[in-house]
Amino acid sequence: MKLLLWKDYRLNRFVLIIAAILLVCPVVIAGAGVVWVDFPYHPDSGDLHRSVWIGTEIGLGLSVLSLCLLGGNSFAAERIDGSADFLATLPPTRFTVLSSKLMLASLTCVLIAAFVYATRFAVNVATGLSESHGYPVNWALCCTGFGVSWLSSVVVDSPTYAVGLGLLGVFFVPLSVGAMRAAGFLAISNPIGNTVFGIALGTSAVIAGCMLYQRKEKP
Amino acid sequence: MTAAISIFNVTKRFGSHVALDDVSIDVKSGSVLGLLGPNGAGKSTLLKLVVNLLRPNAGQITILGRSVFEGASPIKSEIGYVAEEPRLYPWMTVKEVISFTSGFFANWDTGFQELLRDTYSLPMTKKVRQLSKGMRAKLGLLLALSHRPSVLILDEPMSGLDPVARDDFVGDILDAIALQCPAVILSSHLLADVQRIATEIAILCNGRLLAKQPIDKLLQTTRRIRVILEDGRLPTTRPGGLIWECLDRREWLVTIGEFTNQKLDELKNCNHASSVEILEVGLEDLYKDFIRGAQFE
């Protein structure tokens, strides 16, 4: 498992670097922007708090793209250069291969969450404010993006298509929730609808991807 | 002796196309089976089934008595597989690929791996994508041999290599076989190399097994005969074991398996032959006759 995890990390190293940049940069830009505007005086604590929170929210929104890249790369990247065939001739079972990929994705999610919550906690402590400027729907869209691109990666041979399908899945969530609300099939608010539908779609896509990978003839 | 590799009534279809049709082959430990056939005959499909890269529609494949399709993990440590073009991780260095692969095998022989590494002069710090085709083939062979497998599957490993690299590679395979005595299946279009390495051959065409025999026996018992017919018409009776025949005006060429003098007499007596001559043929000619005969059918 350790070897497979190392291999998956190396395979996705570029994606993980992009994910870190997309997550951290908005926070840094938001924080630095407030300091820059108020320089040479101390920034207003409310502005700093709001900016950093919005920065983390934008970072989280951009993480949807990172998780789509990670999901889309999962299987298709190894299939496109044929290394999936090489791995299939080695002793690890498909379940172990699957577990390693899921573990890397889970670790990435944990690191994203850790950064977001640590930053928010730090800015709360620094400014003495605690009001929330966050939107839970971004977490749900991360789940959808990863799940749909993961499932697509099992099915299609191109990581680019898999990532594209993941992004389409992300856009599909608010559109379908909006359409269902407009048609009167859904009586809940948009954020709740998007969150519930996004998590449900993402989770079922991950499960479907795992089942399909286990049953597929070609790895 | 029980077969190390047993392929029993295997059928594989891709949609409506039958890639393998009820193929059965046994390979004993220490013997080398040369798998021959034209492009699309089903050779690679058969080898992919043996290493569990594909699943059959019918039939069973066992290695050392265990099915390759159930509980594949322990079986895989008994198999060494070299693909036509080893699809190793192109971004890994040679050292990383070796270290990555070795971690999955409890029976990995580091001393033997180092011996092979030195023999093949592999550049450990180079990335796989920077290696020449010959070097990649040698790296594939090193990875397939270092866990000392009981079964070695070589799927056209010499294709695309220049003559010198090919000759070296054949030497490497022969050395490895001499050292370890595994059961080997070697698929190749290069008949001279197959003849050098293999102890027996199997010929596949259109997914069907045409012949499987020890090479020596095949060469001893199969004959091509030139018959000059008096009237230039194909005889009504054909000899038994007919593999291929060709009539060009009065010259009738016949290739016959399980050849006996009795069959020669039959040819002389029954077909208004003015002359009958046995021709010397090598493996390449016999192979071509098998394929032409099967395609004519």
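**A helix, a sheet and a contact between chains**

Hi everyone, let me begin with a helix in chain B: α1(B), residues 43–50, lies across four strands of that chain, namely β3 (32–36), β7 (151–155), β8 (183–187) and β9. Against β8(B), this helix runs at about 150°. Please keep in mind that what you are looking at is a predicted model.

So what do those strands belong to? In chain B there is an open sheet of six strands, and the order to follow on your screen is β6-β7-β8-β3-β9-β10. The pairing in this sheet is mixed. Which strands sit at the edges? They are β6, residues 79–82, and β10, residues 208–214, both of chain B, and each of them pairs on one side only. On average, neighbouring strands here are turned by 15° against each other, ignoring direction.

Let's look at one end of the sheet. Strand β9(B), which covers residues 200–205, pairs with β10(B) in the antiparallel sense, over six bridges. If you would like one pair to find for yourselves, go to Ile203(B): its bridge partner in β10(B) is Ala211(B).

Now, on to where the two chains meet. How many residues does each chain bring to the contact? Chain B gives 20 residues and chain A gives 14. On the chain B side, helices α2 (72–76) and α3 (94–102) each supply at least two residues. The largest share of that side comes from α2(B), with three residues. As for character, the residues of chain B that touch chain A divide into 13 nonpolar, four polar and three charged.

That's my tour, thanks for listening!

Notes
Residues numbered from 1 in each chain as written. Chains lettered and ligands numbered in written order. Predicted model: local features only at pLDDT ≥ 70, side-chain atom pairs only at ≥ 80, totals over all residues. Pairing = 2+ DSSP bridges. Axes fitted to C-alpha atoms, helices over the stretch in contact; angles between N-to-C directions. Contact = placed C-beta atoms within 7 Å. Nonpolar A, V, L, I, M, F, W, Y, C, P; charged D, E, K, R; others polar.
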